[in-house]
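Got your viewer open? Let's take a short walk through the model, one selection at a time.

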Amino acid sequence: MPGPEVLLYGLPLAFLAGFIDAVAGGGGTITLPTLFFMGLSPAQVVATNKLLAIFGSGSATVQYWRKGHVDRPLVLRLIPLALLGSAIGAYLVHFVNPDAFRTLVGVVILGVGALVLVNKSFGLEDRYPGLNARTLALTLPATFIIGMYDGFLGPGTGTFAMFLFALAGFNLVRASGNARTLNFATNLGAFLFFLIGGQMVWWIGLPMGFANALGAALGARMAMLRGSAFVKWMYGLIVLLVSARLFLS
């Protein structure tokens with residue numbers, strides 16, 4: 001078991017991960033390797049990461065929610081599907097090796113990122129038509145699939161969710177707010193699941209969680225202050241980080 005000195009680098013990295021995640025997702029690309037480097041077992045890494053992730057995603061959700069950047073009628077309808085999908089994805093891990101899909105998912109994420117960045121106007125203006133049949137036909141099944149992916153593999157969940165909400169017509173700031181709220185729900189569901197397993201390293205997860213929350217609060221405020229163009233730039237960076245992690249893991 002590592003000593004308390006690991007928090008000397010764990011806390012600033014958790015803060016950075018929270019900042020990045022609140023803007024464009026992908027904070028797990030920083031926190032997961034950090035926890036591995038600390039010497040935790042794979043089970044402890046996954047469980048402890050969910051502990052600190054609920055702090056960060058919860059903090060970002062509060063910031064976006066208070067400023068009106070979360071479409072509550074839509075997101076509240078999607079959360080149950082995301083939770084159901086996440087539970088099914090976690091169950092499927094016992095039967096299918098997720099490593100076989102890492103390269104494929106990396107390619108898909110790069111493709112999604114290219115679509116966002118090449119289309120100069122994509123996500124810069126809010127064109128959300130409201131809670132109509134088309135919106136539900138797009139978001140309901142896609143949310144279930146994203147939730148299942150989150151439970152099955154995980155990296156890039158926030159990236160996919162942001163793309164979904166931007167595709168539905170939200171600008172990237174509101175897409176980020178909706179994605180963080182959805183991600184908070186799936187993180188909370190996973191946290192409760194891992195809580196039963198008893199693998200969380202609390203003395204690492206709690207302080208890193210608070211650092212993650214502080215970074216997330218700053219990141220969300222920066223995204224709302226700087227607007228969709230800033231989020232779009234950060235989104236491109238996160239696409240590269242997530243893809244690299246999937247290709248190289």
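Start with I145, which sits in helix 6 (residues 133-152). Keep in mind that you're looking at a predicted model. Is I145 buried or exposed? Turn on a surface to check: I145 has a relative accessible area of 52%, and the cut-off for exposed is over 50%, so this residue counts as exposed.

Next, move 20 residues along the chain from I145 to F165; the C-alpha atoms of the two are 14 Å apart. F165 takes you inside: along with V23 and Y235, F165 touches the most other members of the largest nonpolar core, a set of 52 residues. Now color helix 10 (residues 228-248), the top contributor to this core with eight residues.

Stay in the area and pick V23. Which residues does V23 contact, once neighbours within four places in sequence are set aside? The list runs Y64, M162, S176, R180, G219, A223, F230, V231 and M234. There's also a second, separate core of 13 residues; to find it, select V6, A14, L32 and L40, which are among its members.

L40 leads neatly to the last stop, since L40 is one of the residues in contact with T48. Select T48 in helix 3 (residues 42-66). With 0% relative accessibility, T48 is buried. Show its side chain and look for two partners: a polar atom there lies 2.7 Å from the backbone oxygen of Q44, and a polar atom of the T48 side chain is 3.0 Å from the backbone nitrogen of V201. Beyond four places in sequence, the contacts of T48 also include L35, Q199, M200, I204 and G205.

Note on methods
Residues numbered from 1 in each chain as written. Predicted model: local features only at pLDDT ≥ 70, side-chain atom pairs only at ≥ 80, totals over all residues. Heavy atoms only, no water. Core = buried A, V, L, I, M, F, W, Y, C linked by side-chain atoms within 4.5 Å. Buried < 20%, exposed > 50% of the residue type's maximum accessible area, 1.4 Å probe, protein only. Helix = DSSP H or I, 4+ residues; strand = E, 2+ residues; numbered from the N terminus. Contact = heavy atoms within 4.5 Å. Polar contact = N/O pair within 3.5 Å; in protein donor to acceptor, adjacent residues only side chain to side chain.
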